[in-house]
Amino acid sequence: MAVDLLLGLQWGDEGKGKIVDVLTKNYDIIARFQGGPNAGHTLEFDGHKHVLHTIPSGIFHEGTINLVGNGVVIDPVIFKRELDNLAKFNLDLTKSLLISRKAHLILPTHRLLDAASEASKGKAKIGSTLKGIGPTYMDKTGRNGIRVGDLEMDNWQAKYRALADKHEAMIDFYNVDVQYDLADLEADFFEAVEVLKTLTFIDSEEYIHQAQKDGKTILAEGAQGSLLDIDFGTYPFVTSSNTTAAGACTGLGVAPGKINEVFGIFKAYTTRVGSGPFPTELFDEVGESMGRIGNEFGATTGRPRRCGWLDLVALRYAVQVNGVTQLIMMKGDVLSGFETLKVCTAYNYKGETIHHFPYNIEAENITPVYTEMDGWHADLTQMTDASKMPKELNNYIDFLEKELEVPIKIVSVGPDRKQTIVR
């Protein structure tokens with residue numbers, strides 16, 4: 001059996017958690033393949049809201065295996081907090097939640113390093129979530145990291161001490177004011193590690209290989225978004241992992257030829273958290289309305305998201321890089337009530353009209369070229385049938401499909417799993 005992928009196509013926050021939850025009934029295994037607790041996947045059902053940071057979004061479905069892959073970085077303290085929040089649901093996590101031995105651990109000193117590094121940049125800071133993600137991936141590529149499998153070894157605490165001591169020396173090097181009590185942080189960390197050790201650790205690449213041979217259906221769940229990819233995103237305002245389809249291969253040990261459907265998720269408009277270029281960003285009443293109606297605040301950080309019109313140049317680029325086969329449009333309901341909608345279909349780049357995503361999209365180089373369309377006023381939040389959607393929304397979708405050359409199969413019209421229209 002092949003593996004299907006589900007990816008964000010913008011700067012994250014597209015609504016991946018909800019759609020994984022909706023699609024989980026079609027899969028035996030949901031596998032996270034990259035990122036860390038800087039992700040916040042929000043699920044809503046039965047009147048309750050759930051925010052997951054590391055645990056895959058299929059966790060509430062009985063009989064589904066949820067796997068945290070080798071490409072993920074795990075903060076045991078945040079992971080324990082997630083487990084505590086799930087306790088009231090009586091889930092058998094020893095059977096339904098599996099952890100790759102090759103996943104790296106975020107240490108308390110990684111978070112401190114993150115804070116020191118960001119503080120040292122001053123106004124040039126990149127908008128890190130300060131969860132220690134970047135420093136952990138740096139240790140991974142620097143071959144210094146501690147992995148989940150190390151917790152099964154007798155010498156893991158000695159490895160921890162050596163790395164933490166090295167981190168403290170690096171924090172001193174930054175010469176910034178970072179106040180901390182490492183002994184207090186370590187107490188929480190070691191307690192959380194003991195909880196983590198009660199779960200099932202596996203050689204995940206072998207597990208997935210056998211699952212494929214046994215005919216199991218697998219959905220690989222990405223975190224963040226394609227425009228935050230360390231290679232193909234808006235560098236340096238990116239995350240520290242490969243958020244694109246290629247990341248699923250390295251983050252789970254899946255061969256490229258075993259990838260089948262690639263579900264690409266995007267909002268009907270565009271948002272971004274933190275620093276970095278954003279060509280279609282709005283600084284007016286329209287942008288404020290999008291943020292307010294769409295409740296655009298980070299699920300992990302609570303930071304307000306910057307809002308703007310849909311950028312088809314960037315979206316077309318993400319579709320291309322990922323090989324997207326099906327599109328899923330989120331938050332169509334948020335655009336209800338606008339008289340006119342705009343879609344960026346090209347850039348004026350240094351005086352030339354271009355349709356591809358260039359190396360640099362800073363404001364001094366880029367002016368969006370917009371196509372205007374009629375808006376709609378219908379309340380979409382109670383709709384469950386595509387035939388009931390207003391013609392202006394159908395025109396909007398038809399236009400996007402023509403531009404992107406990929407079908408939009410699902411339209412989300414609210415945060416609840418029931419507020420989902422299949423076309």
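A residue counts as buried here when its relative accessible area is under 20%, and because glutamate 281 has a relative accessibility of 17%, it falls on the buried side of that limit. The model in which this is seen is a predicted one, and the walk through it can begin at this glutamate. Glutamate 281 sits in the loop that runs between strand E12, residues 270–272, and helix H10. Its side chain is joined to that of arginine 306 by a polar contact of 2.9 Å. When neighbours within four places in sequence are left aside, the residues in contact with glutamate 281 are Arg306, Cys307 and Gly308. Strand E13 is made up of residues 306–308, and the contacts of glutamate 281 therefore lead directly to the loop that precedes this strand, in which arginine 305 is buried with a relative accessible area of 13%.

Arginine 305 belongs to the loop between helix H10, residues 285–293, and strand E13. In sequence arginine 305 is eleven residues away from glycine 294, while in space the two C-alpha atoms are 9.9 Å apart. Two acidic side chains meet the side chain of arginine 305: that of glutamate 296 makes a polar contact at 2.7 Å, and that of aspartate 13 makes a polar contact at 3.4 Å. The UniProt record, an unreviewed entry, carries a "binding site" annotation that covers Ala299, Thr300, Thr301, Gly302, Arg303, Pro304 and Arg305. Within this annotated stretch, threonine 301 also lies in the loop between H10 and E13. Because its relative accessible area is 33%, threonine 301 is classed as partly exposed, whereas arginine 305 at 13% is buried.

The contact with aspartate 13 leads on to another annotated place. The unreviewed UniProt entry also puts the feature "binding site" at Asp13 and Gly40. These positions span 28 residues in sequence, yet no two of their C-alpha atoms are more than 7.7 Å apart, so they gather at one spot. Aspartate 13 is in the loop between strand E1, residues 3–8, and helix H1, residues 16–23, while glycine 40 is in the loop between strand E2, residues 29–32, and strand E3, residues 41–45. Aspartate 13 counts as partly exposed because its relative accessibility is 25%, and glycine 40, with a relative accessible area of 24%, is likewise partly exposed. If residues up to four places away in sequence are not counted, aspartate 13 touches Lys267, Thr271, Val273 and Arg305.

Further along the chain from arginine 305 comes helix H11, residues 312–322, which is mostly covered, since eight of its eleven residues are buried. The buried residues of this helix are Leu312, Val313, Ala314, Leu315, Tyr317, Ala318, Val319 and Asn322. At the start of H11, a side-chain oxygen of aspartate 311 comes to within 3.0 Å of the backbone nitrogen of valine 313. Just after the helix, glycine 323 adopts a positive phi of about 65°.

A positive phi also appears away from glycine. Most residues other than glycine have a negative phi, and most peptide bonds are trans. Against that background, glutamine 224 has a positive phi, near 55°, although it is a residue other than glycine. Glutamine 224 lies in the loop between E10 and H9, where it is buried with a relative accessible area of 9%. Lysine 350, again not a glycine, has a positive phi of about 55°. This lysine is found in the loop between strand E16, residues 340–349, and strand E17, residues 352–354, and because its relative accessibility is 61%, lysine 350 counts as exposed.

The loop that holds glutamine 224 also contains proline 236, between strand E10, residues 218–221, and helix H9, residues 245–252. The peptide bond leading from tyrosine 235 to proline 236 is cis, with omega near 5°. Tyr235 leads in turn to the second largest pocket, which is lined by 14 residues, with Gly233, Thr234, Tyr235, Tyr359 and Asn360 lying nearest its centre. This pocket holds about 280 Å³ of space, and its lining divides into ten nonpolar residues, three polar ones and one charged.

Conventions. Residues numbered from 1 in each chain as written. Predicted model: local features only at pLDDT ≥ 70, side-chain atom pairs only at ≥ 80, totals over all residues. Heavy atoms only, no water. Helix = DSSP H or I, 4+ residues; strand = E, 2+ residues; numbered from the N terminus. Buried < 20%, exposed > 50% of the residue type's maximum accessible area, 1.4 Å probe, protein only. Polar contact = N/O pair within 3.5 Å; in protein donor to acceptor, adjacent residues only side chain to side chain. 1 Å grid on protein atoms, 1.4 Å probe; cavity = no way out; pocket = protein on both sides within 12 Å on 5 of 7 lines; lining within 4 Å. Points joined across faces, edges and corners; volume = space filled by probe spheres on them. Nonpolar A, V, L, I, M, F, W, Y, C, P; charged D, E, K, R; others polar. UniProt positions renumbered as here; feature names shortened; annotations may be inferred. Contact = heavy atoms within 4.5 Å.
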